[in-house]
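Colleague: I should like to request a close look at one part of this protein model. Please take the answer step by step, as for a student in the first year.

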Amino acid sequence: MDSLDCLIFDVDGTIAETEEQHRLAFNDVFAANRLDWVWDQDLYRRLLQVTGGRERLRLWVETVGAAPGDFPDERIEALHHAKNARLGERISAGLCLLRPGVARLIGEARAAGLRLAVATTTSRVNIQALIRATFGREAEAVFDTLVTGEDVTAKKPHPEAYLTVLERLRLDPTRCLVLEDTHIGLTAATGAGLATVVTPSFYSAGEDFAAATAVLPDLGDVGLADLARIAAAARA
Ligand code: XBP
């Protein structure tokens, strides 16, 4: 394709509305561990300002003023691991559907010879579970590279995840387009010099997307040619 070599997808909120399932999985694990914590949607929206489930949990423990020593790193790690296992069950049960247009665009991009990448701060097992449940294939077979939370030292809004995609696939940033859903993700992508289309999600609606190349309600009516035009206009 003339103006595009690669589409780079964020995961949570962009490929699918997964954040609500993350929230419910956290709550399941809190209850199973007799922790008197319930994250409602308003609270979770605020907690999402910290990317990474482990980091979010650590911030929460500090916020509630838990006794020092009650939550060493190993306990946070165990809770986070249990949350991802619970999330995996929810995803396998079909509770996370792809957002409109995502599967079609991925197919169109592949057919046109574009490369496909993921840049996410979520754990690798989560994207693997999501792609298995929704595409019936392994994530590594759908995307040319997956940069996940385990692959970076600085999570979004730091641009490292996007810079790592560019480096791994040896891409020219001006010939790529990012699909994101949050202000934090947009900051990470633009920080790497990438044009970005934002499709706001349940938890990010109303955030500041002024830095986006385009803001669209979803990808349902968007073809690859539309994305190529958006990328070309960003370069002009
Ligand atoms: C969104 C996130 C993630 C998930 C939690 O990432 O902030 O941290 O909420 O995932 P992105 P983990 O939008 O970059 O996909 O618990 O696996 O860290």
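In which loop is R34 found? Please begin there, and then go on to the other loops and to the strands.

Modeller: The model is a predicted one. R34 is found in the loop between α1, residues 19-32, and α2, residues 41-47. Its phi is near 55 degrees, which is a positive value in a residue other than glycine. The relative accessibility of R34 is 80%, and because exposed means over 50%, R34 counts as exposed.

A second arginine may be described in a similar way. R170 is placed in the loop between α8 and β4. R170 is not a glycine, yet its phi is positive, about 50 degrees. With a relative accessible area of 77%, R170 is exposed.

The loop between β3 (145-147) and α8 (160-168) holds P157. The peptide bond that joins K156 to P157 is cis, with omega about 15 degrees.

The next loop to consider is the one between β2 and α6. T122 lies in this loop, and S123 is also found there, between β2 (115-119) and α6 (124-135). The cut-off for a buried residue is under 20% relative accessible area. T122 has 6% relative accessibility and therefore counts as buried. S123 has 10%, so S123 counts as buried as well.

The side chains of these two residues have polar partners. The side chain of T122 is joined to that of N126 by a polar contact of 3.2 Å. The side chain of S123 makes a polar contact with the side chain of N84, at 3.0 Å. One may then ask what lies around each residue, apart from neighbours within four places in sequence. On that basis, T122 is in contact with D12, H22, T148, G149 and E150. On that basis too, S123 is in contact with H80, N84, T148 and E150. T148 and E150 thus appear in the contacts of T122 and in those of S123.

We may now turn to the strands. Strand β4, residues 176-180, and β5 run parallel and are joined by four bridges. One pair to locate is V178 and its bridge partner in β5, T196. On the path between these strands comes helix α9, residues 183-191; β4, α9 and β5 make a right-handed β-α-β unit.

Within α9, the residues I184, G185, L186, A188 and A189 are buried. The buried residues of the helix pack against α8, β4 and β5. G193 follows α9, and its phi is positive, near 80 degrees.

Strand β5 comprises residues 195-198, and both of its faces are covered. On one side A195 and V197 are buried, and on the other side T196 and V198 are buried. T196, the bridge partner of V178, is therefore a residue under the 20% cut-off for buried, on the side that holds V198.

β5 also pairs with strand β6, residues 214-215; two bridges join them, and they run parallel. The bridge partner of V197 in β6 is A214. Strand β5 is accordingly joined by bridges to β4 and to β6.

To review the picture, R34 and R170 are exposed, whereas T122 and S123 are buried. The residues named in β5 are buried on both sides of the strand.

Key. Residues are numbered from 1 along each chain as its sequence is written. This is a predicted model: local features need pLDDT of at least 70, side-chain atom pairs count only at pLDDT 80 or more; totals for chains, interfaces and linings use all residues. Side-chain values use heavy atoms; hydrogens and water are left out. Buried means under 20% relative accessible area, exposed over 50%, partly exposed in between (1.4 Å probe, protein chains only). A polar contact is a pair of N or O atoms within 3.5 Å; within protein, one must be able to donate a hydrogen and the other to accept it, and residues adjacent in sequence count only if both atoms are side-chain atoms. Contact means heavy atoms within 4.5 Å. Two strands pair if DSSP finds at least two bridges between them. A crossover is right-handed if, with the strands pointing away from the viewer, the path from the first strand over the helix to the second runs clockwise.
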